[in-house]
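Me: Hi! I am new to this structure and would like to learn how to read it feature by feature. Could you show me?

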Amino acid sequence: MITVQELTPIPNIPKSNYRRIVIVGAGFAGLKLAQKLAKTDYQVVLLDKNNYHQFQPLLYQVATAALSPSAVSFPLRRLFHKTENIIFRMAVVRKIDKEKKLLETNLGQLNYDMLVLSQGANTNFFGNKNIQTHAAPMKSTSEALYIRNKIISNYERAVNLPTVEERRPIMNVVIVGGGATGVELAGAIAELRNHVFPKDYPQLSFENMRVILIEAGGSLLAGLSESSRGKAKSYLEKLGVEVMLNTMVEDYDGFSVQLKDKEPIQTITLLWAAGIKANSLLGISPEQISKNGRLIVDENNRLINEDAIFVLGDQCVQKDEKYPEGHPQVAQVAIQQASNLANNLKLDLKGKPWKPFKYRDLGSMATVGKKMAVVDLPFISFQGIFAWLVWLFVHLMAILGVKNKLIIFINWAWKYLAFDPSLRLLIRPKYIKRHKREWLLDQDEPEEGS
Ligand SMILES: Cc1cc2nc3c(=O)[nH]c(=O)nc-3n(C[C@H](O)[C@H](O)[C@H](O)COP(=O)(O)OP(=O)(O)OC[C@H]3O[C@@H](n4cnc5c(N)ncnc54)[C@H](O)[C@@H]3O)c2cc1C
């Protein structure tokens, strides 16, 4: 059994007569739950390692200079100005002591009456340390910004190299993973190559720049309809993306991508969108963790063998007749589970019975480029310009905050009318060594450009 070290309590968390619910993670699930519990008879303490919420579906647009990081990140404190029962702290949660109902964080310890884990997932490198060291993942705003800086600095570098042979590995971009993230990144990078970079770097020949999308399986966008999968591939090929299906990446040394039974590819830019693994924390019992790392919950999202711990979204696996392997790790599942738990916690206040979670699949979509998207609704699939307009509308509506919606709308209008995304800036954080420790606050190290 893991016990939490004697730490001082997190300061300035007020005492309350209400039961305290601690939520770890302010992503789609944690944030929705906190919002729905505003102004109820619970004290809610929301913890996240960042002080902003990240809208992951549009990260690829940050990585490809179409949107600024602030357009897809929303300051959490601003959401809770008028809700006294919600307290936010920027904190990294490390351990849990289930017996004592205590959490250990980098700020100190915190006790709870009920705990909700919604820590999401992180990139899965499937144990390959070389790939982890040299490839660029895209799970957070800072990682997307790193990719933007890397791609732009590559061309600033390539333009000074005398020979095509030297320039080629600097200019090529290889993306691994044929899910929505890989498809969207590949399409957006190909559009930059086709329309933007030749104007910025007239001395470079972009025929020498390959954009390659590698997928281990037999098709892109597994889980979507056959027509959408086929159309996404043909859209990418129209943009000049080389799609390599049934191809396994075996290793990467930062310069050469080794493929199983195929010729290696020279690139210094390998973008890794090939898989995710659920986040966790110390103190969870092994029998509560499934083989793929997701925490096992019942139909009310309660962690198995626990009374007071719940898990939501990407971090949990909840099996039912329709989803014997668990739900897909997508935003709608996280949001709907959070809503259901909030409703149940409100029923609890009235002493009424809880209602089990039932997932309502609203459909899936992915965009490849201008006027090229695929949409699968439960009753119909369609592709092309109408699908693209639907994709734009749905994502604009889903983003938090009127200001962000407006900024994104203007950015998109400018980008699609002028084909000239205006954010091709190389801005790299410069931090002084002696301040580094303070600045990091035990978080993941922020990346400097490249
Ligand atoms: C690039 C990309 C594109 C995507 N596109 C789509 C899409 O188009 N449609 C779709 O439905 N889904 C998409 N997804 C998946 C979707 O974003 C996730 O399913 C969803 O975010 C899951 O919500 P969550 O609340 O479980 O986790 P998250 O939204 O990931 O939130 C987890 C939160 O926990 C915090 N956290 C983690 N560990 C700790 C800790 N120890 N202490 C404190 N805080 C912690 C994190 O900072 C984060 O804020 C995409 C994902 C990615 C990465």
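Me: Which residues are closest to the ligand, and how many surround it?
Reply: Keep in mind that this is a predicted model. The ligand is surrounded by 33 residues, and the closest are Gly25, Gly27, Gly120, Gly313 and Val330. Helix H1 (28-36), strand E2 (42-48), helix H7 (180-200) and helix H9 (331-349) are the elements that each give two or more residues to this shell.

Me: How do the residues of that shell divide into nonpolar, polar and charged?
Reply: There are 15 nonpolar, 14 polar and 4 charged residues in the shell around the ligand. Glycine counts as polar in this scheme.

Me: Let's step back to the whole chain. How many helices and strands does the protein have?
Reply: You can find 12 helices and 25 strands in the protein. Its C-alpha atoms fill a box of roughly 70 × 60 × 45 Å along the principal axes.

Me: What does the radius of gyration say about the fold?
Reply: The idea is to set the value beside what a compact globule would have. For 450 residues that would be near 22 Å, and the protein has 23 Å, which agrees. Buried residues make up 40% of the 450 residues. Contacts add to the picture: of those between residues at least 6 apart in sequence, 65% join residues at least 24 apart.

Me: Now the sheets. What is the order of the strands in the open sheet of 5 strands?
Reply: The order to follow is E11-E18-E12-E13-E14, and the pairing is parallel. Strand E11 (136-137) and strand E14 (241-244) are the edges, each pairing on one side only. Further in, 4 bridges link strand E12 (residues 173-176) with strand E13 (residues 211-214) in the parallel sense. There, isoleucine 175 stands opposite leucine 213 of E13.

Me: Which helix packs on that sheet?
Reply: That is H7, which touches E12, E13, E14 and strand E18 (270-272), and its direction makes about 170 degrees with that of E13. You met H7 earlier, among the elements giving residues to the ligand shell.

Me: In the open sheet of 3 strands, is the pairing parallel or antiparallel?
Reply: The pairing is antiparallel here, and the order is E6-E7-E8. The edges are strand E6 (93-97) and strand E8 (108-111), each paired on one side only. Neighbouring strands of this sheet are turned by 25 degrees against each other on average, direction ignored. E6 is joined to strand E7 (residues 102-105) by 4 bridges, and valine 93 has threonine 105 of E7 as its bridge partner.

Me: What should I look for in the phi angles of single residues?
Reply: Most residues other than glycine have a negative phi. Two residues here are worth a look. Asparagine 301 has a positive phi near 65 degrees, and lysine 371 has one of about 65 degrees.

Me: Where do they lie, and is each buried or partly exposed?
Reply: Asparagine 301 is in the loop between strand E20 (295-296) and strand E21 (309-311). This residue is buried because 27 other C-beta atoms lie within 10 Å, and the cut-off for buried is 20 or more. Lysine 371 sits in the loop between strand E23 (364-369) and strand E24 (372-376). With 14 other C-beta atoms within 10 Å, lysine 371 is partly exposed.

Me: Which residues does asparagine 51 touch, leaving out those up to four places away in sequence?
Reply: Asparagine 51 touches Pro75, Leu76, Arg77 and Met90. Its place is the loop between E2 and strand E3 (52-54).

Notes: Residues numbered from 1 in each chain as written. Predicted model: local features only at pLDDT ≥ 70, side-chain atom pairs only at ≥ 80, totals over all residues. Rg over C-alpha atoms; globule rule 2.2 N^0.38 Å. Buried ≥ 20, exposed ≤ 12 C-beta atoms within 10 Å, placed from the backbone. Contact = placed C-beta atoms within 7 Å. Pairing = 2+ DSSP bridges. Axes fitted to C-alpha atoms, helices over the stretch in contact; angles between N-to-C directions. Near = placed C-beta within 6 Å.
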